[in-house]
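Here are some notes for a colleague who is opening this entry without having seen it before. Please keep the sequence and the structure in view while reading the points below.

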Amino acid sequence: MKPIKVLIIDDSSVIRAVINEVLKGDPEIEVVGEAKDPIIARDKIKNLNPDVLTLDVEMPKMDGITFLKNLMRLRPMPVVMLSTLTTKGADTTLEALEVGAIDFIAKPSFEELIASKADFKTTLLRKIKFAASIDHKNHQLNSVITKHDVNKVLAFSGSKRSNHLIAIGASTGGTEAIKAIITQLPSNSPPVVITIHIPQTFSARFAERINDYCAVNVQEGRHGQKIKEGNVYIAPGNMHLKVESKGGSLFCILEDSAKVNRHKPSVDVLFNSLEPLASNLQAVLLTGMGQDGAEGLLNLKENGAMTIIQDKASSLVWGMPGSAHALNAHTKEYTLTEIPKQLLKFSLLDRSAMKEALNAK
């Protein structure tokens, strides 16, 4: 196989040198060039025909978002963003994912890089290889995701079961997939808990941004917070989110423990905490790299939950749902556009009808 051709775009010569060093040691990757700003990058893209770009979100002469919009309009290709862990960096990165970037990686400071260069290398190589595997020109994910429109909110008469819960897991590139689902849920939707692999700074801003488009109330989950109908709770980027049942109600529990499957928060941690609630639960695994959530989804299926995976055709990266598929952890498999309708459809069923739906082929 031919090596993956990568063009590095960053105004920092130090960061360009670090990325170059990280990538050149892998025989599956070839760094074909570097550019210190988007103006230079435009010519290099034409001349070098890279497979993947690494792009700093904050660039001189032309900001990263403007460059990315032009790129996706004229020459769509996989882009992995390098993002600063600031509020401004979070907003820019989330906008980049809306525009069409595949994924992002936190841009380390010099001190952080010395301390965690091996982790940075592992993550960057993994994300570039996944990005290269995507046929970005033909991928229609972003074309089906539009800003919130009141007419897109689905009609729903209310769940037939008390404490019926929806749990969703996704990775960093899944922000838009989550938005596509949550923006269609009505204000009387069953409550939703979400674990997504994004940093602490990003999770609060993601919740705030998505809340502007939704009929449901979207927030970052707090420890001990009561889970209520019409609300969505997103795991903070530095804590595992669990759910606990007490006195006939459900509560968010935040746990500051070790990473699971290299992630904190971890989808498996959320899913495993839901085992006692499985018979009254719908669990969904969306696009994302790796296998976090697959085993937890299987555990929930075996305990009577409705388990759903996003299908390969609509997934940006079919890593997590693909791993669940390999384990036969799913009860149902749907396209991204079908998932919100099906979630509400199953929420209308009483326990007896839900059991029939679980057994239906």
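1. Contact, as the word is used in this note, means heavy atoms within 4.5 Å. The model is a predicted one, and on that footing Thr92 touches Val57 and Ile65, where residues up to four places away in sequence are not counted.

2. Thr92 itself belongs to helix H4, which covers residues 87–99. Since buried means under 20% relative accessible area, Thr92 counts as buried because its relative accessibility is 14%. Its side chain also reaches the backbone oxygen of Lys88, at 2.9 Å.

3. A second place to look is strand S6, residues 165–170, where six of the six residues are buried, so the strand is largely enclosed by the rest of the structure. In a regular strand the side chains alternate between the two faces of the sheet. In S6, Leu165, Ala167 and Gly169 point one way, while Ile166, Ile168 and Ala170 point the other way, and all are buried.

4. Which strands pair with S6 in the parallel sense? One is strand S12, residues 281–285, which runs parallel to S6 and is joined to it by five bridges; here Ile166 stands opposite Gln282. Another is strand S7, residues 192–196, which pairs with S6 in the parallel sense, again over five bridges, and in this pairing Ala170 stands opposite Ile196.

5. Finally, the link between S6 and S7 deserves a look in the viewer: together with helix H6, residues 175–182, these two strands make a right-handed β-α-β unit.

Key. Residues are numbered from 1 along each chain as its sequence is written. This is a predicted model: local features need pLDDT of at least 70, side-chain atom pairs count only at pLDDT 80 or more; totals for chains, interfaces and linings use all residues. Side-chain values use heavy atoms; hydrogens and water are left out. Helices (H or I, at least four residues) and strands (E, at least two) are DSSP runs, numbered from the N terminus. Buried means under 20% relative accessible area, exposed over 50%, partly exposed in between (1.4 Å probe, protein chains only). A polar contact is a pair of N or O atoms within 3.5 Å; within protein, one must be able to donate a hydrogen and the other to accept it, and residues adjacent in sequence count only if both atoms are side-chain atoms. Two strands pair if DSSP finds at least two bridges between them. A crossover is right-handed if, with the strands pointing away from the viewer, the path from the first strand over the helix to the second runs clockwise.
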